[in-house]
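Visitor: Could you take me on a close look at a single part of this model, the hairpins and the strands around them? I would also like to hear about any disulfide.

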Amino acid sequence: QVQLVESGGGLVQAGGSLRLSCAASGRILSINHMGWYRQTPGKQRELVAIVSSGGITTYADSVKDRFTISRDNAKNTVYLQMNGLKPEDTAVYYCNAVLRPFYSPDPRVYWGQGTQVTVSS
């Protein structure tokens, strides 16, 4: 069974940094893009950043120049380095991956369980 396991969330003061990690495990044939989304109470989940299998990155305007997404294909892991954190970055961050498990002819979407990031002012 394919799972996405996140780590690295926590509490940090404004201006600080955190690094999130997400590892995909299970019998995986290939991974297309991997990324991070975030959600606050009462709001829709929003894209933070994604990275394609070829390393092409896309960021939300609100995090450009502060966050950096990267991936280690050998480890099926995606990272999100968050610098210059602001109180408005407070949210539950979810890892996302579009991948093909060995038992499926088509790619499927998977989500992590979410990790809380809280930025104090």
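Guide: Gly55 takes a positive phi near 95° in the hairpin of E5 and E6, a hairpin with 5 residues between its strands. Please keep in mind that this is a predicted model. The two strands of that hairpin, E5 and E6 (residues 57-59), pair in the antiparallel sense, with 3 bridges between them. Among the residues here, Ile50 stands opposite Thr58 in E6.

Now step back along the chain to the hairpin of E4 and E5. There, 6 residues lie between the strands, and Gly42 takes a positive phi near 80°. Strand E4 (residues 28-39) runs antiparallel to strand E5 (residues 46-51), and 5 bridges join them. One place to look is Arg38, whose bridge partner in E5 is Glu46. As a general reminder for viewing such strands, side chains in a regular strand alternate between the two faces of the sheet.

And the disulfide you asked about? Searching the whole structure turns up 1 disulfide. Its partners are Cys22 and Cys95, with 2.0 Å between their sulfur atoms. Cys22 belongs to strand E3 (residues 18-25) and Cys95 to strand E9 (residues 91-101), so the link ties together parts that are 73 residues apart in sequence. The angle about the S-S bond is -80°, which makes the link of Cys22 and Cys95 left-handed. Cys22 has a relative accessible area of 0% and is buried; Cys95 also counts as buried, at 0% relative accessibility.

Technical notes. Residues numbered from 1 in each chain as written. Predicted model: local features only at pLDDT ≥ 70, side-chain atom pairs only at ≥ 80, totals over all residues. Heavy atoms only, no water. Disulfide = S-S within 2.5 Å. Helix = DSSP H or I, 4+ residues; strand = E, 2+ residues; numbered from the N terminus. Buried < 20%, exposed > 50% of the residue type's maximum accessible area, 1.4 Å probe, protein only. Pairing = 2+ DSSP bridges.
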